[in-house]
Amino acid sequence: MQTPAANRYVPPPQTPQSAGAASLGLPSRRKFVGQLAAIASAAVALPVAGCIDPPGASGAVDLVWGRRGLSEGRFQKPRAIAIDAEDQLYIVDTTGRIQVFSADGEYLRGWKTPDATNGRPTGLQVDDASRRLLVADTHYFQLLSYSLDGDLIESETLGGTQGTGPGEFSFITDAVRDSAGNYYTGEYSDIDRIQKFSPAGEFLMQWGSTGSEPGQFVRPQSLAIDRRDHLWVADSCNHRIQVFETSGPEPTLVRAWGEFGHQPGQLYYPYGITLGEESDCIYVCEYGNDRIQKFDLDGRSLEVWGRSGHAEGELFQPWGVVRDSRGRLHVLDSNNNRVQRVWL
């Protein structure tokens, strides 16, 4: 039986510093938050304009698929999701396997990463220009590059050495490429930073350190590139979003917003981000709040969808979100071992 909202555990307010300590031992227990009880499964629209609405009914779930298991098409705590130009979904789970599905949840193909003994990847991105799947092989300190059919391109592997020097990695979380083909990677643990590499994989620059000041990070978990090649960073354990201009010799902080909390506009462990079709808004997947928020580019909350639970429209520690060509969101409902498709 579901715990009544009045009896749910409400965690005390955290400072960015205390949140940073939590990043080294991620939340292992489900966070029930009393404030979320008032948020219905349908989206809560807020009176702020600036983002193009999708053609479907906002907040409507039109597909839920997936279940726990080890056979093809099932999941064992999926940890990252990506989407390609044909709306095929790429999902990695804690077995180290990558499975590919249609937008309707039909299993298409799959493969496994070279080794998952030490831990599994926590970040996936499709680079449509090169038709590569970028895999943040977190516990092996490297970025793997696959063809979309699952062939490992070993010559394109970045890293492989644990360390804090240029071109080395601590726990790599995610990677994206800009319009010129440059790579950006995030990492945490021994160092919280972003590294930039040339299209050939040569180290170009790095920035960031562990902390809560502007330009610092505590687990930069998810990355996105917009149409102007600005880099968006989900600074997860600081409960905020940071945006950088990276075309010059030094990165420039364009904007930063977000604070710890459970109300609309606040964040609690933002683990996944994806931009709107015209880079006119951003969708944030909150691991701690069991919800998706839609923001304008200045950080004003436009809509909120989801709450804690196991029913349709409810989430249990989600890790990621992607947007398809029709404007539908595919939410990786990780600890429910499923995907939910929703208009937002």
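Start with the whole protein chain in cartoon view: one helix and 25 strands. Keep in mind that this is a predicted model. Of the 344 residues in the protein chain, 60% are buried. Switch on a surface and you get about 13,400 Å² exposed, with carbon and sulfur atoms supplying 48% of it. As for contacts with a separation of 6 or more, 51% of them come from residues 24 or more positions apart.

**Stop one: the sheet that brings in β2**

Select β2, β25, β24 and β23. In that order they make an open sheet of four strands, paired antiparallel. Which strands stand at the edges? They are β2 (61-65) and β23 (320-323); each has a single partner strand, so one side of each has no neighbour in the sheet. From one strand to the next, the twist averages 20°.

Now zoom in on β2 and its partner β25 (residues 338-343): the two run antiparallel and are joined by four bridges. To find your place along the pair, label Val-64, which sits opposite Gln-340 of β25.

While you're here, show side chains for Asp-62, Asp-104 and Arg-341, which are linked in a network of salt bridges. Then pick Arg-338 and Asp-333: their side chains meet in another salt bridge, 2.6 Å from N to O. Are these two buried or exposed? Both Arg-338 and Asp-333 are buried.

**Stop two: the β7 hairpin**

Next, select residues 123-127, which is strand β7; five of its five residues are buried. In a regular strand, side chains alternate between the two faces of the sheet. You can see this by colouring two sets: Gly-123, Gln-125 and Asp-127 point one way from β7, while Leu-124 and Val-126 point the other way, and all are buried.

Extend the selection to β8 (residues 132-137). Five bridges join β8 to β7, and the strands run antiparallel. Asp-127 has Arg-132 as its bridge partner in β8. Together β7 and β8 form a hairpin with four residues between them. If you like checking backbone torsions, click on Arg-131 in the turn, where phi is positive at about 55°.

**Stop three: a second four-stranded sheet**

Move along to β15, β16, β17 and β18. They form an open sheet in that order, again with antiparallel pairing. The edge positions go to β15 (220-225) and β18 (252-257), each with a single partner strand, so one side of each is left without a neighbour in the sheet. The strand-to-strand twist averages 20°.

Focus on β15 and β16 (residues 231-235), an antiparallel pair with five bridges. Ile-225 is a handy landmark, standing opposite Leu-231 in β16.

**Last stop: more salt bridges**

How many salt bridges does the structure hold? There are 16 salt bridges, and two further ones deserve a click.

- Select Glu-303 and Lys-294. Their closest N and O atoms are 3.5 Å apart in a salt bridge, and both residues are buried.
- Select Asp-296 and Arg-300. Their side chains meet in a salt bridge at 2.6 Å, N to O. Asp-296 has 4% relative accessibility, so it counts as buried, whereas Arg-300 is partly exposed, with a relative accessible area of 46%.

Terms used:
Residues numbered from 1 in each chain as written. Predicted model: local features only at pLDDT ≥ 70, side-chain atom pairs only at ≥ 80, totals over all residues. Heavy atoms only, no water. Pairing = 2+ DSSP bridges. Axes fitted to C-alpha atoms, helices over the stretch in contact; angles between N-to-C directions. Buried < 20%, exposed > 50% of the residue type's maximum accessible area, 1.4 Å probe, protein only. Contact = heavy atoms within 4.5 Å. Areas by Shrake-Rupley, 256 points an atom, 1.4 Å probe, with all protein chains shown as cover. Salt bridge = Lys/Arg side-chain N within 4 Å of Asp/Glu carboxyl O.
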